[in-house]
Amino acid sequence: MKRMVAIFLLMMLLLATATVVVAAEEQPPPPLDLYGDLYGDDLAEPPTGDPLEVVNRGVFWFNDKMYFYLLKPVARGFRVVPEPARVGLGNMLDNIKSPIRAANALLQLKFKDCGTELGRLVVNTTLGIFGYYDAADIIWSIKKKDEDFGQTLGYYGVEEGFYLVLPFFGSSTLRDGLSLFPDMYVDPVFWTVRQEAAWGIKGTDVVNRISLDKDTYESIIEEQLDPYLFVRDAYLQNRAADVEE
């Protein structure tokens, strides 16, 4: 199953790259800047190119329908589980990701952050009852250090490349999309249970997080004239800040 997903993601990236090449050869006229006045010059010309905007908007539409017609109804049903239990479940699933964060902190030579993540893993797995409670934060205020392989590549100067919207995964860039593979192979979930169960755990994680969310995405859809532009620019700015840290 993992191999099939990896092949699928790789095909998406190859398709995106091929589309860029074709687009470059055809040299179409530049699109009209309908939102320049509304969002200002900075947002009209995002820091990362978006040569696949037509394709990305199609995938964005697909993900939007998946959210409203599948994930959101399931997440609403999941709210029958008391909120404290869902928060605890989210803590457990996040605790499992500690090795990913620790490994990437180590690769970035952030030894203190690596130690912090390993310490949090030990404390939360023991005192926090397999991560149900974030004991490291509650007792000693030890905060999580978010790191992934995309940030690691950015740390070593790898440019983010063009913007991508991946099916099911959402906003990404060429660099961050390719970084899904190393992070997947470091993820303990894929090494400790069968692949079908691993994807079930990942799906539960997504549904649980949506059930705890206060309709953030719905607010974006309602308030933004062009949600695609808003999500794209927010993602790129947040990722730039993550790499900068």
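In the predicted model, the loop between helix H6 (111-126) and helix H7 (135-140) contains Ile 129, a residue that has a positive phi of about 55 degrees although it is not a glycine. The relative accessible area of Ile 129 is 48%, and because the partly exposed class extends from 20% to 50%, this residue is counted as partly exposed. Helix H7, on one side of this loop, includes Ile 139, for which a relative accessible area of 47% was computed, so that this isoleucine is likewise partly exposed. Although Ile 139 and Leu 127 are 12 residues apart along the chain, their C-alpha atoms are separated by 9.8 Å.

A positive phi of about 55 degrees was also found for Asp 215, again a residue that is not a glycine. Asp 215 is located in the loop between helix H12 (195-212) and helix H13 (216-223), and its relative accessibility of 30% places it among the partly exposed residues.

The two helices that flank Asp 215, H12 and H13, are also among the elements that give two or more residues to the largest nonpolar core of the model. This core comprises 15 residues, of which Phe 60, Tyr 163, Val 165 and Tyr 228 touch the most other members. Besides H12 and H13, the elements giving two or more residues to the core are helix H3 (53-78), strand S1 (163-166) and helix H14 (227-244); H14 gives the most, with five residues.

Within strand S1, Tyr 163 and Val 165 point one way, whereas Leu 164 and Leu 166 point the other way, and all of these residues are buried. When neighbours within four places in sequence are left aside, Val 165 is in contact with Asn 56, Val 59, Phe 60, Asn 63, Gly 170 and Tyr 228. Two of these contact partners, Phe 60 and Tyr 228, are themselves listed with Val 165 among the core residues that touch the most other members.

Strand S1 runs antiparallel to strand S2 (residues 170-173), and the two are joined by four bridges. On the side of S1 opposite to that of Tyr 163 and Val 165, Leu 164 has Ser 172 of S2 as its bridge partner. The hairpin formed by S1 and S2 has three residues between the strands, and in this hairpin Phe 168 takes a positive phi near 75 degrees.

Methods. Residues are numbered from 1 along each chain as its sequence is written. This is a predicted model: local features need pLDDT of at least 70, side-chain atom pairs count only at pLDDT 80 or more; totals for chains, interfaces and linings use all residues. Side-chain values use heavy atoms; hydrogens and water are left out. Buried means under 20% relative accessible area, exposed over 50%, partly exposed in between (1.4 Å probe, protein chains only). A nonpolar core is a set of buried Ala, Val, Leu, Ile, Met, Phe, Trp, Tyr and Cys residues joined through side-chain atoms within 4.5 Å. Contact means heavy atoms within 4.5 Å. Two strands pair if DSSP finds at least two bridges between them.
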